[in-house]
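Biologist: Could you choose a single part of this model and take me through it closely, pairing by pairing? Once that picture is clear, I would be glad to hear about a few other spots along the chain.

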Amino acid sequence: MEDSDRMEAWLDDHLEFTHSYFVRKASREMVNAWFSERVHCIQPSSRDSPPQRTPPSSSDPAPSATITPPTLSYLDNRCPSPASVPSPAPGTPTRKISASEFDRPLRPIVVKDAEGSLTFLSDADREAAPVWGVVMGEGGGGSGGGYGGAGGGGGGDRCTRLLELVKEVSSHLDLTALCHKIFLHINELIAADRYSLFLVGEDSSNRKFLISRLFDVAEGSTVEESSSNCIRLEWNKGIVGHVAATGQPLNIRNAYEDPRFNAEVDLITGYKTQSILCLPIKNHRDEVVGVVQAINKKSGDDGAFTDQDEKDFSAYLSFSGIVLHNAQLYETSQLENRRNQVLLDLASLIFEEQQCLEVLLRRFSGTILSFMQAQACTVFIADEDSLNSFSGVFHMEYQELGDVLLVPKRDCDVSQINYMYAQYVKNTMQPLNITDITKDQRFPWTGDDPDHTSSQIKSLLCAPIRNGKKDKVIGVCQLVNKMDETSGSVKTFNRNDEQFLEAFAIFCGLGIQNTQMYETVERVMAKQEVTLEVLSYHATAAEEESRELQVATVPSAQSLGLLDFSFSDFDLSDTETTLATIRMFIDLNLVQTFQMKYTSLCQWVLSVKKNYRKNVAYHNWRHAFNTAQSMFALLKSGRLQTRLRDLEVLALMIATLSHDLDHRGVNNSYIQRSYHPLAQLYCHSTMEHHHFDHCLMILNSPGNQILGGLSLDEYKATLKMIERAILATDLALYMKRRGEFFELTKNSQFVWEDEDHRELLRSMLMTACDISAITKPWPVQKRIAELVATEFFEQGDKERRELNIEPSDLMNREKRDKIPSMQVSFIDAICTQLYETLAGMSEFCSPLLEGCQENRQRWKLLAEECEKGFVNGLA
């Protein structure tokens with residue numbers, strides 16, 4: 001035992017040998033055992049603590065410190081042991097961007113470089129790392145307190161312990177918990193009485209300042225106690241400000257001898273500040289990101305911090321700076337995540353509501369007020385018809401936030417709202433941020449009227465709301481009086497507020513534009529509904545006329561000659577044509593089969609007749625009636641009714657009567673070339689589509705619903721057949737489809753059970769009836785040709801007058817002598833083969849072919865006489 005005591009005493013007297021031996025011979029287990037006996041959790045001191053100081057720090061001027069509430073919660077309030085497992089990272093963020101981003105592993109803080117040395121930087125951005133032996137004072141003296149002790153270990157021990165301390169903080173991303181962990185480590189290193197940690201911040205003007213994360217904490221302080229208060233210090237003022245500005249450490253043995261030290265707080269609290277060690281925290285780019293200050297060394301000869309303390313402190317902070325920088329980046333990303341979540345919520349609110357502008361603006365204003373803590377929000381809607389006025393204004397106070405979803409009816413006194421700021425922003429298209437409106441010289445008015453709203457405004461932030469193209473201001477959002485959450489006092493809007501209001505305004509602009517567009521569409525639809533109602537009223541036959549038709553006696557088909565292919569309407573009055581139409585529906589059993597109300601049928605026939613224009617020479621009611629009579633003759637005399645279904649017969653009769661409704665006396669070519677609005681509605685068969693739409697409007701008008709007895713499926717099928725039948729009267733479509741029909745019949749491949757073949761037949765029947773005037777007796781055919789020529793010549797005159805083009809020979813009255821030859825060409829190209837095919841399907845349809853052939857001979861003879869100069873056209 002005595003030998004051991006002598007050996008220990010000898011080792012104490014020969015520290016250099018002891019140090020060298022320990023470095024050469026000590027194992028890892030020995031080092032761990034040494035730490036396990038000496039390192040322990042810091043517990044509150046049992047002795048009476050000295051008086052606790054209150055902010056501001058005694059090392060900085062009191063006027064520059066401003067108390068603000070803590071901004072982030074702590075992660076863990078325990079004092080972890082250095083040997084314990086590092087505290088877990090903060091919880092899952094509010095919203096993940098994507099699974100791959102969320103699961104992406106972080107790059108290790110400490111890695112080995114190409115030479116095998118430990119480094120915390122990648123090769124791309126690594127700067128010259130400090131030499132471990134030099135930084136840690138390897139082989140140096142100094143009686144610094146902390147873990148080094150009085151010759152109690154060498155540079156290798158410091159290096160190993162430093163690495164362990166860095167590993168402990170490397171996994172921390174919560175700034176509050178990280179700062180507290182740094183405090184624990186610094187206390188272990190240099191053993192001071194008080195500590196403060198400040199981080200660098202920037203205001204909206206890019207002016208730097210220092211905000212405390214730990215202020216005047218002592219051994220045993222918990223996370224909650226350490227972060228209970230935050231103070232703000234000015235840049236380059238006081239000891240902390242000087243270190244932050246210069247990036248150089250300060251080791252002050254006597255604080256009262258340094259002119260930068262402020263002793264007022266010591267006088268107030270009774271605490272005596274003696275020595276100060278203040279060092280900057282730098283990131284890997286050698287930029288100051290924070291400052292740590294230690295006050296009053298606990299051990300030592302004179303209570304001053306040694307050079308070794310400064311070296312150990314600096315070495316630890318060189319690593320902590322990067323960890324702290326990572327934590328700040330993480331905190332920034334979390335903040336951006338929450339801000340983006342607010343924008344996403346706002347976008348969701350906006351696009352959920354696109355029907356009512358008031359509801360949209362209420363949700364928008366409520367979101368902004370709750371997020372930006374402003375006293376009031378006003379949204380001005382620009383007037384499209386005036387440059388210097390607004391068409392609407394929405395105002396919301398912070399106190400109304402609880403009623404956002406209830407949408408209360410609140411009357412706002414618009415006379416109390418100042419429009420000048422919003423008008424300025426609208427004209428300049430730039431945001432406006434006023435710290436104090438009473439001192440702003442751009443707006444000359446002052447608070448002459450103490451009751452006016454503008455006299456109650458101190459700070460103001462205005463942003464333009466642009467349209468989707470961002471080339472036009474459609475509104476202005478104005479926020480007034482940003483409130484401090486703690487004191488309730490008014491403060492100024494900063495650059496972050498400007499950026500977020502501009503982001504809000506983008507979403508608001510989209511929402512306002514969509515809502516206005518929706519309201520416009522609703523108004524247009526309402527106007528259209530009213531217009532259709534008015535048109536329906538005026539397009540419907542008068543009730544008195546309908547009653548007269550209902551009580552009139554309907555002549556028989558034989559007496560009217562409706563069964564004859566040679567039928568002519570020239571000897572019938574308009575009333576007789578309507579009675580003849582009723583007779584056709586009755587004889588085809590359509591009234592009985594489909595339970596048509598006789599009153600509705602009479603009303604519908606008169607309405608159809610009324611919707612043909614009387615100023616059109618040929619495509620008028622008489623042409624429609626003649627087309628329907630030709631279809632009736634084909635069905636009855638041509639004996640096709642037995643081969644067609646009742647619904648097909650119904651659709652064909654309605655289609656023939658309606659196939660030229662509202663005809664304007666011009667063809668599709670003229671409609672397209674004149675850029676008529678109808679040409680914008682339909683890309684092909686323009687007039688035929690219009691005729692069907694007009695037919696549908698009459699069928700749906702009250703009192704005209706002759707299809708009311710049909711089932712839903714029958715109704716849909718009938719409308720589809722009517723549409724296709726009317727479109728089939730476009731000769732351009734006829735020319736495309738007739739080849740298929742002719743081929744089927746020629747090869748005896750027409751199948752009556754095939755729906756496509758039946759639809760093709762109905763289309764051919766429509767054309768055959770539409771051009772059936774060419775089959776009439778010569779006097780009738782010639783008279784009808786004169787009506788057609790009159791209408792065509794009128795179109796030709798319009799083309800020459802309005803479109804400034806030379807009309808085709810068919811439309812040119814100066815080429816009337818070519819009419820006979822053109823009629824021959826028309827018969828050869830359009831008519832003959834069609835009537836030959838129908839006669840082949842049913843021999844009872846042959847009168848159509850015979851009449852067509854006879855008229856061709858007449859036109860051919862007339863054409864020869866025109867060539868000889870005996871006659872001029874139809875004369």
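Modeller: Happy to! Let's start from one pair of isoleucines: Ile276 has Ile295 of β9 as its bridge partner. Please keep in mind throughout that this is a predicted model. Ile276 itself belongs to β8, where it stands opposite Ile252. On the other side of the story, Ile295 in β9 stands opposite Arg194. You can therefore step by bridge partners from Ile252 to Ile276, from Ile276 to Ile295, and from Ile295 to Arg194, using the definition that strands pair when DSSP finds at least two bridges between them.

Now the strands behind those steps. Strand β7 covers residues 250–252 and is joined to β8 by three bridges, with the two running antiparallel. Strand β8, residues 276–282, pairs with β9 through seven bridges, again in the antiparallel sense. A second contact on that pairing is Leu279, which stands opposite Val292 in β9. Strand β4, residues 192–202, is also an antiparallel partner of β9, over seven bridges.

What lies between β8 and β9 along the chain? The two strands form a hairpin, and five residues separate them. In that turn, Asp286 has a positive phi of about 65°, which is a backbone angle you may like to check on your own plot.

How well covered are these strands? Strand β9 spans residues 288–297, and ten of its ten residues are buried. For β8 the count is six of seven residues buried, so the rest of the structure largely encloses this strand. As background for reading such a pattern, side chains in a regular strand alternate between the two faces of the sheet.

Since Asp286 brought up positive phi, here are two other places with that feature. Gln373, which is not a glycine, has phi near 55°. Its place is the loop between α12 (357–372) and β10 (374–382). With a relative accessible area of 17%, Gln373 counts as buried, because the cut-off for that word is under 20%. Asp662 is another residue other than glycine with a positive phi, here about 60°. Asp662 sits in the loop that connects α21 (646–658) and α22 (668–673), and at 8% relative accessible area it is buried.

Turning to charges, the model has 28 salt bridges in total. In one of them, Lys482 meets Asp497, with the closest N and O atoms 2.7 Å apart. This pair links distant parts of the chain, 15 residues apart: Lys482 is in strand β14 (residues 473–483) and Asp497 in helix α14 (residues 495–539). Lys482 and Asp497 are buried.

Two other salt bridges stay within a helix. Arg547 pairs with Glu543, and their closest N and O atoms are 3.8 Å apart. Both residues lie in helix α15 (residues 543–551), four residues apart, or about one turn of the helix. Arg547 is partly exposed at 47% relative accessible area, while Glu543 is exposed at 57%. In helix α17 (residues 574–587), Asp587 and Arg583 are also four residues apart, about one turn, and their salt bridge has its closest N and O atoms 3.0 Å apart. Here Asp587 is partly exposed, with 23%, and Arg583 is buried, with 17% relative accessibility.

Which residues form a network of salt bridges? Asp797, Arg800, Glu806 and Arg813 are linked in that way. A patch of negative charge, by contrast, gathers Glu2, Asp5, Glu8, Asp12 and Asp13 on the surface. Of these, Glu8 is found in helix α1, residues 2–13.

One last stop is Thr837, in helix α29 (residues 819–841). Thr837 is buried, with a relative accessible area of 11%. Its C-alpha atom is separated by 9.7 Å from that of Glu743, although the two residues are 94 residues apart along the chain.

If you return to the view with one thing in mind, take β9: it pairs antiparallel with β8 and with β4, and ten of its ten residues are buried.

Definitions and conventions: Residues numbered from 1 in each chain as written. Predicted model: local features only at pLDDT ≥ 70, side-chain atom pairs only at ≥ 80, totals over all residues. Heavy atoms only, no water. Buried < 20%, exposed > 50% of the residue type's maximum accessible area, 1.4 Å probe, protein only. Patch = residues over 30% accessible without salt bridge, like charges linked within 9 Å, V, L, I, M, F, W, Y side chains within 5 Å. Areas by Shrake-Rupley, 256 points an atom, 1.4 Å probe, with all protein chains shown as cover. Salt bridge = Lys/Arg side-chain N within 4 Å of Asp/Glu carboxyl O. Lys, Arg positive; Asp, Glu negative; His and termini not counted. Charge placed at Lys NZ, Arg CZ, Asp CG, Glu CD.
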